Amino acid sequence: MQMKKFTPILLLPFFILLLSRCAKTSPTSPAPAPPTTNQSPADTTPIVTDANFYSVTGDDTTSAKGEILMALNSSTDGKLFFLDQRGSIKREVSVGTDVENLQKWNINGQVRYTYFHTEGVSTLDGTTGTELGYEMVCDSSLNILDSVKLLSFGNINVNVQDKLDVHEFILLGDKHYIYETYYEEFPNNIPDSLHPAAGVKVAACIIQEVLNGEVVFQWDGTQYPELYSASQENNNFSDSSTLLDYMHLNSICVDSLDNNLIVSFRNLNEIVKLDRQTGQIIWRLGGNRSDFALSPDQIFLRQHYPRLIENGKTLIFLDNGHDSLRAYSRILEFQLNQSTKTINSFKAFTIPDNFIQFAGSVKKEGTQYFIGGGSANYSLQVDYTTGQELMRMSLRYSSYRALKY
């Protein structure tokens with residue numbers, strides 16, 4: 001069979017195609033771009049901590065970027081810590097006295113920071129779990145704009161006491177606040193069934209809302225005698241020698257749906273909703289007089305930091321537990337039907353770490369909780385779907401709260 005001759009020009013398109021394909025797969029050619037994802041690349045920079053105050057284990061690269069705020073106190077100094085989402089120091093400020101509850105706010109497009117500044121002595125010093133002082137309102141550079149004190153109103157006399165309590169402060173505007181304190185009172189409306197002694201004195205829970213230097217709302221817990229019998233601790237009303245912190249207010253937040261107040265009373269095991277105009281109790285969750293029927297798993301103890309999230313639909317908080325009744329801590333989420341006083345849904349997550357006997361906080365982001373471990377001296381980023389601890393800060397000193405923004 002006779003072979004046909006090929007004209008070279010006919011082979012030219014073939015060689016061009018071959019060279020083109022070789023160029024696309026050549027080892028020296030750039031690699032194809034990886035598919036885009038929403039996850040940020042891992043940050044490999046070293047984590048910078050203050051070894052005298054805290055250390056970090058784990059390196060969480062799954063969380064959204066944010067800012068972690070903590071106030072820590074040694075025996076000689078109080079410091080404000082501003083950290084990135086991995087626990088690395090962005091800024092550290094020495095205050096020189098005990099500080100607590102560092103918070104961040106956005107007021108009309110401007111960043112504000114607030115923190116509690118312990119100062120001086122008071123008639124209430126020594127009361128279990130209280131610190132008294134003043135609240136500092138600062139601009140984004142931590143220049144102090146205002147030092148907030150208790151105001152005289154009704155039975156409150158600042159000549160007796162002008163100090164706030166550490167537990168809560170809400171900044172609504174540069175001259176608009178909600179805060180709380182304890183104030184010594186001698187009530188005469190304690191039910192006879194509790195055998196009150198003559199001259200019994202209590203640490204009354206006081207809430208004030210202040211606008212432009214004027215008190216526009218005040219709430220005094222002693223005006224609601226039904227709450228005396230709800231007390232689970234510091235409630236020996238026949239003892240007139242001890243100042244009784246029978247309620248222990250430790251948290252306030254505003255319900256964005258109706259602007260009323262959600263208030264936590266540790267020593268009642270109870271979260272209460274208050275009318276922000278009249279002060280009347282709208283409902284009570286938990287404790288021995290709950291308006292919502294709770295299953296055994298839904299009962300909480302010595303809770304802290306209730307907040308409404310998900311457009312006001314979900315109430316989330318730290319269920320601390322109790323050293324003898326249940327010595328482990330949980331995060332609880334309730335979806336409440338406030339009209340019918342029923343629970344639409346409930347979720348509980350047992351914290352895979354040490355029992356938080358006092359204080360603490362929780363913030364939720366996606367499938368993760370950022371937990372301030374209070375008296376247990378840690379802060380924790382954890383995936384609640386897997387229980388995996390993603391990042392842990394071990395604190396040399398306790399922090400009342402640790403908050404992530």
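Strand 16 is covered on both faces: Leu261, Val263 and Phe265 on one side, and Ile262 and Ser264 on the other, are all buried (under 20% relative accessible area with a 1.4 Å probe on protein chains only; exposed is over 50%, partly exposed in between). Put as a count, 5 of the 5 residues in this strand, 261-265, are buried.

A quick note on what you're looking at: this is a predicted model, where local features need pLDDT of at least 70, side-chain atom pairs count only at pLDDT 80 or more, and totals for chains, interfaces and linings use all residues. Residues are numbered from 1 along each chain as its sequence is written, and side-chain values use heavy atoms, with hydrogens and water left out.

Strand 16 has a partner on either hand. Strands here are DSSP E runs of at least two residues, numbered from the N terminus, and two of them pair if DSSP finds at least two bridges between them. Here are its two pairings, along with one from strand 23.

| Strands | Sense | Bridges | Facing residues |
|---|---|---|---|
| 15 and 16 | antiparallel | 5 | Val254 and Leu261 |
| 16 and 17 | antiparallel | 5 | Val263 and Val272 |
| 23 and 24 | antiparallel | 5 | Lys364 and Tyr369 |

The turns are worth a look too. The hairpin of strands 15 and 16 has 6 residues between the strands, and Asn259 takes a positive phi near 70°. In the hairpin of strands 16 and 17, with 4 residues in between, Asn269 has a positive phi of about 55°.

Strand 23 belongs to an open, antiparallel sheet of 5 strands in the order 1-26-25-24-23. Strand 1 (54-57) and strand 23 are its edges, each pairing on one side only. Neighbouring strands in this sheet are turned by 10° against each other on average, direction ignored (axes are lines fitted to C-alpha atoms, with angles from 0 to 180 degrees between N-to-C directions).

Now for the largest pocket, with a volume of about 570 Å³. On a 1 Å grid over the protein atoms alone, a pocket is an open set of points with protein on both sides within 12 Å along at least five of seven lines, and lining residues have an atom within 4 Å of a point. Of the 30 lining residues, Tyr305, Arg307, Leu308, Lys363 and Tyr405 are the closest to the centre. Strands 15 and 23 are among those that each supply at least two lining residues. The lining divides into 15 nonpolar, 5 polar and 10 charged residues, with Tyr counted as nonpolar and Gly as polar.

Technical notes. 1 Å grid on protein atoms, 1.4 Å probe; cavity = no way out; pocket = protein on both sides within 12 Å on 5 of 7 lines; lining within 4 Å. Points joined across faces, edges and corners; volume = space filled by probe spheres on them.
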